[in-house]
Amino acid sequence: MKCFSGGADKTVKILDLGSGQSMTFSAHDQAIRSMRWVSAGNVQALVTGSWDKTLKYWDLRSPQPLATVQLPERCYAMDSVSDLLVVGTAERHILIFNLANPGQAFKTITSPL
């Protein structure tokens with residue numbers, strides 16, 4: 001079992017709870033605001049959203065991201081269910097990603113809230 005953290009230091013930290021080993025790698029140019037483990041179809045990755053206006057998909061075996069997606073604004077929130085990932089950003093943008101094609105937003109809407 002693994003535990004993930006990310007924050008204002010712009011790095012992702014991974015702790016393997018079984019072995020006690022930890023790994024740190026540089027992830028973003030600004031603070032990491034949101035993280036989510038996604039597993040759908042052939043995609044199994046850690047997804048990080050940042051105030052640098054990017055979303056990155058990480059294979060934990062590599063310090064380089066699998067994919068980087070440019071967001072319209074700073075990432076504020078993220079959640080996933082089944083094969084969908086929803087990202088909320090500043091300026092009321094909501095982006096929905098189908099994890100079958102994680103590099104491109106499936107749908108983008110503006111929140112009425």
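A residue is taken as buried when its relative accessible area is under 20%. In the predicted model analysed here, E73 has a relative accessible area of 14% and is therefore buried. The salt-bridge partner of E73 is R74, with the closest N and O atoms 3.2 Å apart. R74 has a relative accessibility of 28% and so counts as partly exposed.

In total, five salt bridges were identified. Among them is the contact between the side chains of D79 and R36, with an N to O distance of 2.4 Å. This bridge connects distant parts of the chain, since D79 belongs to strand β8 (residues 75–81) and R36 to strand β4, with the two positions 43 residues apart in sequence terms. Both ends are assigned to the intermediate accessibility class: D79 is partly exposed at 41% relative accessibility, and R36 is partly exposed at 30%. A further salt bridge joins D59 to R61, the closest N and O atoms lying 2.7 Å apart. Here the two ends fall into separate classes, as D59 is buried at 16% relative accessibility, whereas R61 is exposed at 75%.

Aromatic contacts were examined next. A pair of aromatic rings is described by the distance of the centres and the angle of the planes. Two such pairs occur in the structure. The rings of F4 and W37 are stacked, with a centre-to-centre value of 6.0 Å and an angle of 5° between the planes. F4 is located in strand β1 (residues 2–6) and W37 in strand β4 (residues 32–40), so that the pair links distant parts of the chain, 33 residues apart. Relative accessibility is 25% for F4, which is thus partly exposed; W37, at 39%, is likewise partly exposed.

The other pair consists of F25 and W58, whose ring centres are 4.8 Å apart; because the planes stand at 55°, the pair is classed as tilted. F25 lies in strand β3 (residues 22–26) and W58 in strand β6 (residues 54–58), so this pair ties together parts that are 33 residues apart in sequence. Both rings belong to buried residues: F25 has a relative accessibility of 6%, and W58 has a value of 1%.

Nonpolar packing was considered last. In soluble globular proteins, nonpolar side chains tend to be buried together. The largest nonpolar core of the model comprises 16 residues, and L55, Y57, L85, V87 and F97 have the most contacts inside it. At least two residues of this core are supplied by each of β4, β5 (43–50), β6, β8, β9 (84–89) and β10 (93–98). The greatest contribution is that of β5, which provides three residues. With neighbours within four places in sequence set aside, the contacts of Y57 include A45, L46, V47, L85 and F97. Also in contact with Y57 are P65, L66, A67, V69, L99 and P102. A second core, separate from the largest one, contains eight residues, including V12, I14, A27 and L60.

How values were computed:
Residues are numbered from 1 along each chain as its sequence is written. This is a predicted model: local features need pLDDT of at least 70, side-chain atom pairs count only at pLDDT 80 or more; totals for chains, interfaces and linings use all residues. Side-chain values use heavy atoms; hydrogens and water are left out. Rings of Phe, Tyr and Trp (its six-membered ring) pair if their centres lie within 6.5 Å; planes under 30 degrees apart count as stacked, over 60 as edge-to-face and the rest as tilted. Helices (H or I, at least four residues) and strands (E, at least two) are DSSP runs, numbered from the N terminus. Buried means under 20% relative accessible area, exposed over 50%, partly exposed in between (1.4 Å probe, protein chains only). A salt bridge is a side-chain nitrogen of Lys or Arg within 4 Å of a carboxyl oxygen of Asp or Glu. A nonpolar core is a set of buried Ala, Val, Leu, Ile, Met, Phe, Trp, Tyr and Cys residues joined through side-chain atoms within 4.5 Å. Contact means heavy atoms within 4.5 Å.
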